[in-house]
Structures are given as C-alpha cells and as structure tokens.
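Student: I would like to go through the labels used for this model and ask what each one rests on.

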Amino acid sequence: MISDETLIRDYLEGDSRAIENLIQRYQSPLWYYARGVSWYKDKSFIDEIIQLTLTAIIKGIQDGEFSLSRTEPFKSWAYQVCQNICWNENKKYARQPKHISQMYPEELPDHLTRIRPAERDYHNLSDELDKVLTELSQEERQLISLVIQNKTYKVIQKIQPFHKYSLEMLRQKVCRLRRLMIQLRKEARNGDKKK
Amino acid sequence: MGIKRNKAECEKYQLDLTDYVTGDMTFLTKQKQRKLFEHMRKCQTCRQDLFDWEETFGVLVTKEHHTRPEVKKRMNTLIGQFKSAPVKTIKGKPVLDNEAEIGTPAGAVWRYLAKNGWVKVNDLAKNLRRTDKIDPDKTKFAVGWLLRENKAYLTKKKQDTYVYLAEHERRIYQQKQM
C-alpha cells in the first residue's frame, strides 16, 4: 500500500489523483472517529464535521502546516485536526436551541469515558465485523441493518418478518444480537491470534 | 472502581445498555439512563460491554452511511473541488506567499527609509537583519517591490548603490507622525 507521505508528496508535485486516494483512505475512519468523539450522533452533523476536517487537512497540506519533514505521522495529525473541529462544532451546536426530537440520550459522565486506541483502527474493526456478519442468519442481518439505520422498535415492528414480534420481544432480540456479535468478534480475534 | 460482577444485577441493565448506544428511546427513560450510569460506575464488566457495543455499532453505522448514494455523491463533489483547486507548488516545493514573504519586509523598509533618508542597500539589509530580524535577501526583494511601485528610487554614488523613499511617500510618513 502506498504510504500517506508518498501520496502527499505526489499531490504536492501536481498529481491530483493522489489526494483522491488519500481522502478515500481516511473518509470512513475519520467519520467513525468523529462519531465517537462528538456529543451528537446525528449523521448530518458528523458529515459537516468531516467536510470541515477534510478541507482543513487539504489546506494544511497546501499551506505547509503539515510538512513531510515532521516527525509526527500524517495519521496522528489528521485525527488531531478532526478532534479539534469536533470540539468546536460540539460547543456551537450545544448553544443552538433544539426541538425535543433532536435531543439525544444523555452523554456519559466523564468518569465513564476513556480514550479508546481501537477507535483509530477503523479498517481492522471493519474487516472483523465483515466476518461476524457472515455468521449471522438472514433475519439477524436484516434486523441489525434496520437498527443501524436508526429505525425504532415501533418502525421495525411494521416491517416483514418482524411484525410477528411484540416491541418487548424485538428489544430482547436486538440485545441478544448485540451479545452474539461481540462474542463472534472475540472469537474472530482469538482465531486470528492463533494463526 | 471495578467490583466483582453480580450477574443478576447486571442482567437488569443489559437491555438499557443496548438501547443507550442505538439511541432508541422507546423504553429508555432519563431515569433509567441515570440508573444505568450509576450501575456502570460500579461495574467494570458492564462498562466494557458498553465500550464493545459502541465500537461495534459505530463501525456498522459508518459502513452503512458510506454506502448511501447521496453520501458518495457528496464526497465525490468534495474530492472534485480539491482536485480542481490549484496546488501552490513548483516541483514539489511550496510557493511562497508574496504578501507574507515580501509585503511585510517592504513595510519595514519603507519605515526605515522614511526615518533615515538615503541608505546604502547593503547597510539597509544589515540593519534590518539586526533590528527586525529580516533576511537580507527579503530586504532586497522588498526594495525591488517598492521600486516597482515608484515608492522608492535608486541612485549611485561612487561604487555604492543607495535607496531612498519617494517624496510623496515621505510626506505620508510625516503626516502619520502628526
């Protein structure tokens, strides 16, 4: 795989495809990271953060704020830019009046949060989950797909084949599915270690 | 903060823990959230469960989000803008910003000439290096800038080249001093 630094060097020498490759490499990991750092999980809010982040990164490369002679790797610098923008946008958004429908679950108190290095290892996590999803039944995959699309239990209950379940039963299914997926992730990781 | 797990106690919170991450508030009231947080303050296992589920859910949401056509379109538009923006480089080296590199030293040269009248170009470069920490090359570029704008003139006396500020520029300086 071509290194980040090589892509940046190529971009500065006039190869516009290099910047396209760099952005495509980082767009999902930065989005995942921003979602973890942000106080608000609204997708359009995260999209805005990523747009600001990528613009700041490209400008930083062009203006020499990120220089190839730095000891800090590009990845660390890019995540730091993202984090700073997240914090600024969080504060701005917090000051805006919101309708009750935009209120999210309360944020965890500080003592329950921690910096998770794995948050920055998006591609490995993504590969791990691809394997986990192949182990699920079709109904389980459909259910998790609806949940990640932010469909509530009431909405899911109206979709085939879930209309046969009560809301409480759906809740139980999602909880069991959560535990199953985490178990499968652990097994996949242990399987990789043995190899 | 971690206490040995009481499985029966933890079971009461598993459904709420799942819903907290997915954001489904159908069953999860604010009161239940607070009780969940209070439990996780004491139970390390449930904290780990929460982090694992947040990690898993976060990756799944990210993957799903980036398969959407409108997201791909938006990203392609953004990439297109970056690709079409001119890269300020010449053979891998960044092009310097004229305003920062020459405009600012030109101001220092202007003020120096306004105060001191005729100055040898080499002396000007040495003095501004000492007082304003300006590179001698940039001082000379700045002199060129002022000459081009007819704000300064050059003259020769014996072997030395002198620079001096134009009359109208000196008057501007004097007016500013009043």
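The exchange below takes some labels in turn; the model is predicted.

Student: Why is Glu64(B) called buried?

Tutor: The relative accessible area of Glu64(B) is 14%. Buried means under 20%, so Glu64(B) is buried. Glu64(B) lies in helix 4 (residues 44–65) of chain B, and touches Lys43(A), Ile148(A) and Gln149(A), leaving aside residues up to four places away in sequence.

Student: Which residues of helix 6 of chain A are buried?

Tutor: In that helix, residues 138–148, they are Leu143(A), Ile144(A), Leu146(A), Val147(A) and Ile148(A). Just after helix 6 of chain A comes Asn150(A), with a positive phi of about 65°.

Student: What makes Asn116(B) partly exposed?

Tutor: Its relative accessible area is 41%. Buried is under 20% and exposed is over 50%, so Asn116(B), in between, is partly exposed. Asn116(B) belongs to helix 6 (residues 98–116) of chain B.

Student: What makes the approach of the Asn116(B) side chain to the backbone oxygen of Tyr112(B) a polar contact?

Tutor: The distance is 2.8 Å, and the cut-off for such a pair is within 3.5 Å.

Student: How is the lining of the second largest cavity divided into nonpolar, polar and charged?

Tutor: Eight of its residues are nonpolar, with no polar and no charged ones. They are Leu22(A), Ile23(A), Tyr26(A), Leu30(A), Leu54(A), Ile57(A), Ile58(A) and Phe74(A). Leu, Ile, Tyr and Phe count as nonpolar, so the lining is listed as eight nonpolar. Helix 2 of chain A gives the most, four residues.

Terms used. Residues numbered from 1 in each chain as written. Chains lettered and ligands numbered in written order. Predicted model: local features only at pLDDT ≥ 70, side-chain atom pairs only at ≥ 80, totals over all residues. Heavy atoms only, no water. Buried < 20%, exposed > 50% of the residue type's maximum accessible area, 1.4 Å probe, protein only. Helix = DSSP H or I, 4+ residues; strand = E, 2+ residues; numbered from the N terminus. Polar contact = N/O pair within 3.5 Å; in protein donor to acceptor, adjacent residues only side chain to side chain. Contact = heavy atoms within 4.5 Å. 1 Å grid on protein atoms, 1.4 Å probe; cavity = no way out; pocket = protein on both sides within 12 Å on 5 of 7 lines; lining within 4 Å.
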